[in-house]
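Trainee: Could we go through this structure together? I would like to learn how to read it step by step.

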Amino acid sequence: MSSGSFIDILALGRGIWNTSDLLSGALHGNYTAKSNHRILQYIWDFRIGREEYIASPLFPVILSVVFYFSFCTPFMIADLLGERLPWIHKYKIQTDKKVTLSQIYDTLQLTFWNHVLFVLPAAVGQWIWAPPTPLPHLAPAMSEFLWHIIASLVIFDFQYYVWHWSHHKVRFLYKHIHAVHHRYNSPFVWVTQYLHPWELVTVGFLTTTNSWFLKCHPMTTWFYMLLSIVVSVEAHIGYEFPFCIHNWEPFGLVGGAPKHDMHHLKPMTNFQPFFNHWDKLFNTFCPFMKAGGVKTKALVEYERRHKEAKKVA
């Protein structure tokens, strides 16, 4: 639709209204009125002129892969510099554990081959057979955007709790699949996707399909995808920085890096990836250490109770 189609145009030489122009003008005027009331429209309009690339089935794959490696790299640098950056190192949770070049090589190697052997073929298949993504003119309303993001996170959080719990409780699943991820009991950033291919595929499938079932706007889907990466990476960085997500909310709903760090130390606890409510409800929650390896009172009491329970047993 042309930018000038909302203007009332007189038919030249006839002196009468051109009805097609009137209809086009009405439709464009209605679109403009709606878009002006949508805060996210300013962001969504960046797609204009780039639709061919953004609508491609390859776009979300490239976006997520580039974002993942770009987001992880600064934390890797912090790990390598270690104690030479005391203003950063003081936020490390397991202060006695150092990240080495050999560990980084090991984790990146597996991540690379998982992407080459599994992510890349899936992306190529999607590029060949999947149709382009429909790109609506209007951005999602803010209420719809937030509702779909929260719903997607909550649904995946429960799905992964069940998946994670079962892959610890069932010895075969742990030994042959999830044990790969637990090779390191002190997480660092590249451990995020240090996964058995089955775990990579199933978790990726769950993350992707939730937005399909909710029929999310493409912008919502892509934001949810990036937010999931942020939360997953943040859970594995091994640091408790002041800007970490769990430090933003006062109700103890979000787990964050300290909680998942404790999961790698005590693998039968803290199965939820994002939140805490299922862990607390099913008694799999374990309090965690803070920055600098400081044990909270809750963790000290938790360990005391469990020590006494073992003596009784």
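**Reading the model**

Mentor: A search of the whole structure finds zero disulfides, a disulfide being a pair of cysteine sulfur atoms within 2.5 Å. Please note that this is a predicted model, in which local features need pLDDT of at least 70 and side-chain atom pairs count only at pLDDT 80 or more, while totals for chains, interfaces and linings use all residues. Residues are numbered from 1 along each chain as its sequence is written, and side-chain values use heavy atoms, with hydrogens and water left out.

Trainee: What is a disulfide in chemical terms?

Mentor: A disulfide is a covalent bond between the sulfur atoms of two cysteines.

Trainee: And C72, is that buried or exposed?

Mentor: C72 is buried, because its relative accessibility is 0%. Buried means under 20% relative accessible area, exposed means over 50%, and partly exposed lies in between (1.4 Å probe, protein chains only). C286 also counts as buried, at 0% relative accessibility.

Trainee: Where is C72 found?

Mentor: C72 is found in helix α4. Helices (H or I, at least four residues) and strands (E, at least two) are DSSP runs, numbered from the N terminus.

Trainee: How far is C72 from I237 in space?

Mentor: Their C-alpha atoms are separated by 8.6 Å, although C72 and I237 are 165 residues apart along the chain. V230 is 158 residues from C72 in sequence, with 9.2 Å between the C-alpha atoms. V230 itself is found in helix α10 and counts as partly exposed, at 21% relative accessibility.

Trainee: Switching to rings: how many aromatic pairs are there?

Mentor: The count comes to 24 aromatic pairs. Rings of Phe, Tyr and Trp (its six-membered ring) pair if their centres lie within 6.5 Å; planes under 30 degrees apart count as stacked, over 60 as edge-to-face and the rest as tilted. One of the pairs is F59 with W222, which is edge-to-face because the ring centres are 4.9 Å apart and the planes are at 70°. This pair links distant parts of the chain, with F59 in helix α4 (residues 59-81) and W222 in helix α10 (residues 218-236), 163 residues apart.

Trainee: What is the relative accessible area of F59?

Mentor: F59 has 24%, so this residue is partly exposed. W222 counts as buried at 11% relative accessibility. Y68 and F69 form an edge-to-face pair too, 5.3 Å centre to centre with 80° between the planes. Y68 is buried at 2% relative accessibility, whereas F69 is partly exposed at 27%.

Trainee: Which residues do ring pairs link into a cluster?

Mentor: The cluster consists of F67, F71, F75, Y91, Y239, F241 and F243. The charged end of K92 sits over the ring of Y239, 5.1 Å from its centre. The rule is that NZ of Lys or CZ of Arg is within 6 Å of the ring centre and within 35 degrees of the ring normal. K280 likewise lies over the face of F285, at 5.1 Å from the ring centre.

Trainee: Next, pockets. What is the volume of the second largest pocket?

Mentor: Its volume is about 520 Å³. Of the 23 residues that line this pocket, the closest to its centre are L153, L227, V231, I245 and V254. On a 1 Å grid over the protein atoms alone, a pocket is an open set of points where a 1.4 Å probe fits, with protein on both sides within 12 Å along at least five of seven lines; lining residues have an atom within 4 Å of a point.

Trainee: Which helix gives the largest share of that lining?

Mentor: α7 does, with six residues. Helices α4, α7 (142-169) and α10 each supply at least two lining residues.

Trainee: One last topic: where is N270?

Mentor: N270 is in the loop between α11 and α12 (277-281). The residue is buried, at 0% relative accessibility, and its phi is near 55°, a positive value in a residue other than glycine. Most residues other than glycine have a negative phi. N283, in the loop between α12 and β1 (289-290), has a positive phi near 60°. N283 counts as exposed, at 68% relative accessibility.

Trainee: How many residues of helix α11 are buried?

Mentor: Nine of the ten residues in helix α11 (residues 256-265) are buried, among them G256, P258 and H264.

Technical notes:
Grid points are joined across faces, edges and corners, and a volume is the space filled by probe spheres set on the points.
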